[in-house]
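Let us read a structure together. Look first, then ask.

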Amino acid sequence: MSVSVFPKQAPTVGYDVERYRADFPILQQAINGHPLVYLDNAASSQKPKAVIDAISRVYLQDYANVHRGVHTLSQRATDQFEGAREKARRLLNAAKTEEIVFVRGATEAINLVAQSYGRSTLQAGDEILISAMEHHSNIVPWQMLCQQTGAVLKVIPISHQGELLLERYADLLSDRTKLVAVTHMSNALGTINPVEHIIRLAHERGIPVLLDGAQAAPHLVVDVRALDCDFYVLSGHKLYGPSGIGILYGKEALLKAMPPYQGGGDMIRMVSFERTQYNTLPYKFEAGTPAIADAIGLGAAIDYLGTIGLEAIAAHENELLAYATQQARTIPQLKIIGEAAHKGAILSFTLDHIHPHDIGTLLDQVGIAVRAGHHCAMPVMDFYGVPATARASFALYNTLEEVDALINGIKQLIEVFG
Ligand code: C6P
């Protein structure tokens with residue numbers, strides 16, 4: 001029986017943001033003489049003490065290689081590592097831990113699917129359908145696959161608001177389409193895509209769907225069984241966990257049929273020079289010593305999220321985004337990039353005559369961390385005709401006062417630039 005780690009609770013009412021802030025030691029510092037306002041969470045979020053402690057406990061008490069030793073430390077490390085897999089399974093409501101593959105992050109997960117699933121099933125003339133708002137990690141692996149197989153990459157266009165053109169999506173689906181790979185939430189625009197609809201239409205034609213959940217997972221309750229997606233990928237470091245660890249969810253039948261991605265230790269059952277028998281799932285896809293402490297740290301991050309509840313976090317972040325958007329709209333020189341009706345906690349913007357890199361640098365001088373650049377989504381920048389945007393992205397520990405600091409910082413730098 002599957003148990004949700006995310007208790008349903010009333011949003012924002014009773015949301016004790018100051019208490020949660022105290023869980024993040026890094027936030028209690030000044031940058032350039034100002035209290036740190038960390039609004040670069042879409043790039044990577046900060047880590048609660050529970051995660052830092054879990055990682056240091058592994059190295060202080062329980063560290064050894066996993067799946068290999070009969071000794072106590074190896075057994076402890078293995079139990080905790082596999083415990084983290086079970087936590088990841090519950091986070092996504094996957095049916096089985098066999099469907100949870102530990103990878104380095106969303107990027108590696110997509111490359112794995114492209115090179116294993118894609119390379120073994122696609123042929124020249126087949127089509128892979130992505131969208132115009134994808135991160136490079138959900139573009140380049142498919143381009144590489146197209147070069148290798150002769151398959152063709154097709155792109156679902158977006159509106160100026162930053163929403164997928166769903167009629168065009170329906171038109172692009174054909175007998176040639178062999179895979180749909182779209183982001184659940186855009187890192188450059190904040191758009192949350194109607195993935196249920198996307199999956200339903202693809203499945204009506206028997207086409208599997210991969211969802212890039214790198215941005216969605218820290219903000220939304222994801223239920224891979226309810227969604228019925230075929231693959232779901234995410235990165236631990238955006239989910240308040242460590243970097244270097246992420247999750248590939250795949251339906252068991254698909255993963256079973258897929259060839260290994262990399263060869264080496266742990267992914268085999270038996271090796272001779274003539275023949276190798278591969279291990280069972282999920283180990284078939286986990287060659288070599290994994291990121292042991294990081295996986296355990298990710299498990300601690302999932303536990304931590306469970307103590308607050310993702311629904312409560314999402315409601316809090318929506319409040320921050322609504323307030324930030326409303327305030328941003330009062331600044332005539334500011335243009336919001338990405339105004340989809342359904343958005344996650346990301347505010348991308350440009351300012352007249354001020355380069356986004358200057359915005360980022362000057363905001364840093366008053367302690368505010370935002371990301372400035374193309375956000376690894378160059379096609380999105382091309383679509384809007386901008387080289388880059390400044391991006392404020394919110395997390396469970398951000399406050400309305402921090403939104404005020406951002407807006408004041410923007411107003412100040414507009415004054416400085418005249
Ligand atoms: N986006 C950002 O600042 P990795 O690097 O593998 O952890 O995640 C890649 C990735 C894939 N898909 C989406 C939608 C993403 O946002 C990211 C990472 C960061 O927006 C770093 S470029």
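**A helix and a ligand**

Q: What follows H5, and what is the sign of its phi?
A: Glycine 150 follows H5, and its phi is positive, near 85°. Helices here are DSSP runs of H or I with at least four residues, strands are runs of E with at least two, and both are numbered from the N terminus. This is a predicted model: local features need pLDDT of at least 70, side-chain atom pairs count only at pLDDT 80 or more, and totals for chains, interfaces and linings use all residues. Residues are numbered from 1 along each chain as its sequence is written, and side-chain values use heavy atoms, without hydrogens and water.

Q: Which residues of helix H5 are buried?
A: Buried means under 20% relative accessible area (1.4 Å probe, protein chains only). In H5, residues 140-149, these are Pro141, Trp142, Leu145, Cys146 and Thr149. They lie on the same side of H5, because they cover an arc of only 145° around the axis. The arc is taken from the directions from the helix axis to the C-beta atoms.

Q: What do the buried residues of H5 pack against?
A: Contact means heavy atoms within 4.5 Å. The partners are helix H4 (106-121) and strands E5 (127-131), E6 (152-156), E7 (177-183) and E8 (209-212).

Q: Which side chain has a polar atom 2.7 Å from an oxygen atom of the ligand?
A: A polar contact is a pair of N or O atoms within 3.5 Å. Here the side chain belongs to arginine 391. For lysine 238, a polar side-chain atom lies 2.9 Å from a nitrogen atom of the ligand.

How values were computed. Buried < 20%, exposed > 50% of the residue type's maximum accessible area, 1.4 Å probe, protein only. Polar contact = N/O pair within 3.5 Å; in protein donor to acceptor, adjacent residues only side chain to side chain.
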